[in-house]
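Here's an informal walk through one protein chain, going from its charged pairs to its aromatic rings and its surface. Have a look at the model first.

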Amino acid sequence: GLHYGYGRDEAPQACASLLREAYAAFRKAVPGLKIIAATNWDSAHLQPDFPMDAWVHLYHKYHEKDAESWIEAGKEYWGYHCIEPSKDEYMNSFIERPLIEA
């Protein structure tokens, strides 16, 4: 079956080189392990050669070209909704907040 190792959740972009090194080491130590992590980085700073198998990216930062390049490289691209930012123009998760229109 598939085994995923979840990397650092929403690590600052400044951690990219450290995470690159760590994720490469995890892959080497645990053959077959898929590395997955949520980032809130600018897409330009996370290219398909980054040692992650699945990139979990915020919906509001989605760019079709970036998603396609990851998928074409044989990787997975997942989207997610975070409860932040909580500004009115973003999706909300709380019933006490006013509804937004599509």
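## Salt bridges from helix 1

R27 and D53 join their side chains in a salt bridge, at 2.6 Å from N to O. R27 sits in helix 1 while D53 belongs to the loop between strand 2 and strand 3, so this contact ties together parts that are 26 residues apart in sequence. Keep in mind that you're looking at a predicted model. As for cover, R27 is partly exposed, its relative accessible area being 30%. D53 has 17% relative accessibility and counts as buried, because the cut-off for buried is under 20%.

Helix 1 also holds R20, whose partner D49 is in the loop between strand 2 (33-39) and strand 3, so that pair ties together parts 29 residues apart in sequence. The R20 and D49 side chains meet in a salt bridge at 3.6 Å, N to O. R20 counts as partly exposed at 34% relative accessibility, whereas D49 is exposed at 56%.

## A bridge between strands

How many salt bridges turn up in a search of the whole structure? The search finds 3, and K34 with E76 is one of the pairs, with its closest N and O atoms 3.0 Å apart. Here the link runs between distant parts of the chain: K34 is in strand 2 and E76 in strand 4, 42 residues apart.

Both ends are partly exposed: K34 has a relative accessible area of 24%, and E76 comes out at 21%. E76 isn't called buried because its 21% doesn't meet the cut-off of under 20%.

## The aromatic rings

Now for the rings. The count comes to 6 aromatic pairs. Take W55 and W70: their pair is tilted, with 5.2 Å centre to centre and 50° between the planes. W55 is in strand 3 (residues 54-58) and W70 in helix 2 (residues 64-72), so to speak two distant parts of the chain, 15 residues apart, linked by one ring pair.

Are these two tryptophans buried or exposed? W55 counts as buried at 0% relative accessibility, and W70 is buried too, with a relative accessible area of 0%. Ring pairs also bring in tyrosines, linking W55, Y62, W70 and Y77 into a cluster. On top of that, W70 has a charged neighbour: K75 lies over the face of the W70 ring, at 4.6 Å from the ring centre.

## Out on the surface

Which residues make the nonpolar surface patch of about 310 Å²? They are L2, Y4 and W78. W78 is found in strand 4 (residues 76-80), and it is partly exposed, with a relative accessible area of 36%. That lets W78 qualify for a patch, because patch residues need over 30% relative accessible area.

K65, in helix 2, is exposed, with a relative accessible area of 66%. Its C-alpha atom and that of S43 are separated by 9.7 Å, with their positions 22 residues apart along the chain.

## How confident is the predictor?

The protein has a mean pLDDT of 83, and 80% of its residues reach 70 or more. Where is confidence lowest, and where is it highest? The low end is strand 1 (residues 3-6), with a mean of 88, and the high end is helix 1 (residues 16-29), at 92. Helix 1 is also the home of R20 and R27, the two arginines we started with.

Definitions and conventions: Residues are numbered from 1 along each chain as its sequence is written. Side-chain values use heavy atoms; hydrogens and water are left out. Patches are made of residues with over 30% relative accessible area and no salt bridge: like charges are joined within 9 Å, nonpolar side chains (Val, Leu, Ile, Met, Phe, Trp, Tyr) within 5 Å. Accessible areas come from the Shrake-Rupley method with a 1.4 Å probe; for residues, only the protein chains shown count as cover. A salt bridge is a side-chain nitrogen of Lys or Arg within 4 Å of a carboxyl oxygen of Asp or Glu. Helices (H or I, at least four residues) and strands (E, at least two) are DSSP runs, numbered from the N terminus. Buried means under 20% relative accessible area, exposed over 50%, partly exposed in between (1.4 Å probe, protein chains only). Rings of Phe, Tyr and Trp (its six-membered ring) pair if their centres lie within 6.5 Å; planes under 30 degrees apart count as stacked, over 60 as edge-to-face and the rest as tilted. A charge sits over a ring if NZ of Lys or CZ of Arg is within 6 Å of the ring centre and within 35 degrees of the ring normal. pLDDT is the predictor's confidence in each residue, from 0 to 100.
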